[in-house]
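Work through the following exercises with the sequence and the structure at hand. Attempt each task before reading its solution.

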Amino acid sequence: MKLQLLVQHMINGLSLGALYALLAVGYTMVYGILKLINFAHGEIFMMGAFFTYFSITLFGFPWWLGMLAGIAGAALLGLLVDQIAYRPLRKAPKISALITAVGVSIFLQSLAIVVFGGVPKSFRGVYPAFFDKIFIIGGEIVEKRGRQVIVNGIRIPAMTIITFAVTGLALLLLWYILFRTRTGMAMRAIAMDSRAVSLMGINGNRIIALTFALGSAMAAVGAILWVGKYPQVWPIMGFMPGLKAFVAAVIGGIGSVSGAVIGGILLGFIEILAVGIMPSLAGYRDVFAFILLILLLSFKPNGIMGKKNLVKV
Amino acid sequence: MKRFVQVFLVVMVVFGTMLVAQNMDEIKVAAVFSMTGGASGYGRMTWEGVEIAWEMYPEVLGIPIDVYLIDTKSDKVEAANGVRRAIENDGVLAILGNIISGNSLAGGAVAEELKTAMVSPTSTSPLVTEGKKFVNRVCFIDAFQGQAAAKLMQELGNQKVAVFMDVEQDYSVALARFFEDTFTQSGGEVLYEYFKTGDQDFSAQVLDAIAKGAEAFYLPGYYQEVALICLQAYQNGFYGDLVSADGADAPETVEIAGEAVEGLFLTANYHPDAPAFNENAEEFLAAYEKKYPGEKPAAFAGLGFDAYMVLLKAIEMAGEPDREKVAQAIRQIKDFPGATGYITINEQGNAEKTVTVVRIENGQFVYDSMINP
Amino acid sequence: MRPKKLSNTTQTILTFGLVVLAVLLLLLAEDNLNTYLVRIISLTGVFGIMAVSLTFVNGASGMLSLGHAGFVAVGAYTSSLLTMSLAQKQTSFLLTGVAFPLNTELLSNMPFLPATLLGGIVAAGVAFVVGWPSMRLAGDYLAITTLGFAEIIRIVLLNASRFTNGSLGLKGISPFTNVWWSWGWLLVTLLFFASYAKSSFGRALRAIRDDPVAAKTMGINVFRHQLVSFTAGGFFAGIAGSLYAHWLTSIDPKPTTLGMMLTFNTLIMIVIGGLGSLSGAVIGAGLFAVLSELLRVVESDTVLFGFRIAGISGMRMLVFSALFILVMIFRQQGIMGRKELTWNALWQKIPTSGKRGNRNA
């Protein structure tokens, strides 16, 4: 493989990985606190995209306000899902909460189909035009069919740069909340030992609700960037990215925020490079993530950054 | 909870009986379409055309026609069930549908078993009518569309073409193979790139195709993926010809991919500016523009219109609302002036018609040329 | 005072009587109802087998498997490829041709029963291979790995086109599945799992479900027990797959046919019926089959007082998933809980409520 091609693959993989990372963070935060795989996380991602879409196209919000509305809407939805579906099951066996999460996932998907329709909606033109710019480094100018075009350069779409910048900012903000505020400290404390925390007089339910809101907001940030890159919104757009992000969270070591970021970026990389190196296996693409997951769980079940868990009897 | 379920069941049963106890002085026709699920866009567009035809010609042989929708959710189990329910429970004379080939295969098997005519507006897979006496279609078949695309590619002067095949859609697989056959026979070279319905990122495949020196991309698939492939081809610096098929003949292709699909060619069933014009085509166009001001009909709407009109013609030819006679009459139809061109239904139940090549120019689908069988 | 429990002989006679009654009812149904309703009845039996085998894996042994559809798909493909005639295969595989072992007379035109059994055996083999790495994982990881494995199975079916015909799927499978096959196999499934649950093996499984650590200290080989029941679940999922394929007559590896949607539907059945209850699973399957037909009303146009009310597409799944969540929140045990509908349970109910049940497990 030529170096220029390899670099291009890596840029594309990195920008996909950044999106997985944003989604994986939400999974890992909820899992850290509740030991629950929030199966509906991918659907909250999808709803975030729809909220943004309708705020801008239907209510005429400027694009940045529409994005904020999408993030706020997704945060609220995450909170609602927790309060309505998961909170009544806090004391129930873990498996019941997981099954409920699967139910919530199908419910939100069907709700989106009924309310928004199953037809994909174009997200093009919703964001300002500079989002669609492409920067080209190097390459030579040739003439093709009467047009002057640049070939062989390395191409960086503006959306990729925005994705890196926004992902970085969002993660920085998250880091600040988790490690520099009292709420964040409470979140980390619950993840360590929820019973001890409630004994210390911290309102566990409030902290859990906040975690859901924060994780969902991160998913919405991911969604907003996702539709800038792949400009269509539709009800099942969150399912596969959601599953992959979960795999990313497990690769990084579930419960660890930095692990989720590393896992997400790694997965994006592997997916793009695997197809780039073995194009004839592109049909098996979704299998890569799962095989990676199974191999990892068999040999290093706690992920890259995860700590070893001991079962207390 | 149990009480709730009981009450719920009773309400549902009451509703059900109300539906079954119907007026017998009408001809019932079920449109078994994908109104939700992956192919819902096609289902809705086709239904627009059926509605227009129905509003223009609401009766045949002096008997009013009742056309009603059954949603297959783009799922073949639902398709088979829907057809069976329509024939056995609702007593329909004939079926319009289904939209996608997989559904038509499942539904067609039932229609065949129960000896009831089915007219598919849009299913292009060769298997749909294979060996069937009661299943017909008004669109062309994939084999022909793939050949037409290969001829087009050669006319455009391409020697090495990357074919993007959606391994999840038999429609895409069949088109790709028929394209390859014709294109390689006349000395061209084909390389395959694979993807799966629902995939969003095609950058790796696009870069691979560019690196291997593909001069053009052939994209048999549905618009959701085709639009994204075109967009990512554009972003990754591909400037060759793009040719797709009728699955991308939807306004969403342009809405999603914008300037990236400028110059994209499509092999299509229909274009309002194509010269195969007749009175029905004009009537349809006028009625459509009256109902949806400022919009032009998509091919699917035209095919929906034609499916209804062909069925109507067949009922007229049969002279009475008899299932088997109507089915026989459908295959007698010759040079019927449909909205999408002149249609002849051959002995296999396939429509013999020309392929219209459509090009995207300034964000509009414009008529390019015709390719004959 | 009447006795609290029925004697074993009475129970056997009652069970036998119920089976005879069921046979008579099915005979009556087959002769008098239209083929549409008869087909729904056979589908209910097939759903029942899927639900019972999943509930056994999930409820009785405490593992959440989200990969059921994968084993159903394996059973469906194996048996269909065996029962199809050679000529049919050759017309179906029009793009790639049939690969070696499948293009022989030996592996074509097989009768339904051995083909179904082989479908079950191959599915059980796959379940064993999938279970080996999966069973070492804790509960929620297991859910995702099994989901992942099911997706892998589906994608392999999609891509291995010389064996499976890829996305074209298999067409023209003989419609062998009728009420006798589906309900007969359901009876076999129920008998198998009921006696399995009663055996020492089943008791060990329940101990694992309630407290895996305690079970381990008692000397129960958790891994072996879970793997064996997972494999058994896979076997019957494969049987259900064979019946389903010969009911559908055409199958393909799309998510809506034999993919995740099928797993979710089965999950809905067992949640409504009561996780871990075999009779609950059958009731859930029946409710699901009937409701999904009745609920079509909300999705198609309705004429009320001369007005045409447009149906709302996608409404059915919304109703099911809402019901699913409500059951999980307010009545986690579903209709049956972990209880079974037994003659004794009925006997004790008679004087107080007089409710009648229709199944025995």
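The exercises below concern a predicted model and treat a sheet, two chain contacts and one residue.

**Exercise 1. The sheet of chain B**

Determine the order in which the six strands of chain B form the open sheet, and identify the edge strands.

Solution.
Step 1. As background, the strands of a sheet pair through backbone hydrogen bonds, in either the parallel or the antiparallel sense.
Step 2. Reading across the open sheet of chain B gives the order S2-S3-S1-S4-S5-S6, with mixed pairing.
Step 3. Strand S2 (59-60) and strand S6 (135-137) of chain B each pair on one side only, and they are the edge strands.
Step 4. At one of these edges, S6(B) pairs with strand S5 (residues 117-120) of chain B in the parallel sense, over three bridges. Within this pair, Met118(B) has Val135(B) of S6(B) as its bridge partner.

**Exercise 2. Helices on the sheet**

State which strands are touched by helix H2 and which by helix H4 of chain B.

Solution.
Step 1. Helix H2 (residues 40-56) of chain B packs on the sheet and touches strand S1 (27-33), strand S3 (63-71) and strand S4 (94-97) of that chain. The direction of H2(B) makes about 160° with that of S1(B).
Step 2. Helix H4 (residues 101-113) of chain B also packs on the sheet, where it touches S1, S4, S5 and S6 of chain B. The angle between the directions of H4(B) and S5(B) is about 160°.

**Exercise 3. Two contacts of chain A**

For the contact of chain A with chain B, and for that of chain C with chain A, find which element gives the most residues.

Solution.
Step 1. Chain A brings 30 residues to its contact with chain B, and chain B brings 29 residues.
Step 2. On the side of chain A, the largest share is five residues, from H1(A). By class, this side has 17 nonpolar, nine polar and four charged residues.
Step 3. The other contact takes 32 residues from chain C and 33 residues from chain A.
Step 4. On the side of chain C, H6(C) gives the most, with twelve residues. This side comprises 22 nonpolar, eight polar and two charged residues.

**Exercise 4. A single residue**

Is Leu214(A) buried or exposed?

Solution.
Step 1. Locate Leu214(A) in helix H8 (residues 204-229) of chain A.
Step 2. Leu214(A) is buried, because 23 other C-beta atoms lie within 10 Å, and the cut-off for a buried residue is 20 or more.
Step 3. Beyond its neighbours within four places in sequence, Leu214(A) is in contact with Met29(A) and Ile177(A).
Step 4. Leu174(A) is 40 residues from Leu214(A) along the chain, and their C-alpha atoms are separated by 8.3 Å.

How values were computed. Residues are numbered from 1 along each chain as its sequence is written. Chains are lettered from A and ligands numbered from 1 in the order in which they are written. This is a predicted model: local features need pLDDT of at least 70, side-chain atom pairs count only at pLDDT 80 or more; totals for chains, interfaces and linings use all residues. Two strands pair if DSSP finds at least two bridges between them. Helices (H or I, at least four residues) and strands (E, at least two) are DSSP runs, numbered from the N terminus. Two residues are in contact if their C-beta atoms, placed from the backbone, lie within 7 Å. Axes are lines fitted to C-alpha atoms, for helices over the stretch in contact, and angles run from 0 to 180 degrees between N-to-C directions. Ala, Val, Leu, Ile, Met, Phe, Trp, Tyr, Cys and Pro count as nonpolar, Asp, Glu, Lys and Arg as charged, and the others, Gly among them, as polar. A residue is buried if 20 or more other C-beta atoms lie within 10 Å of its own, exposed if 12 or fewer, and partly exposed in between; C-beta atoms are placed from the backbone.
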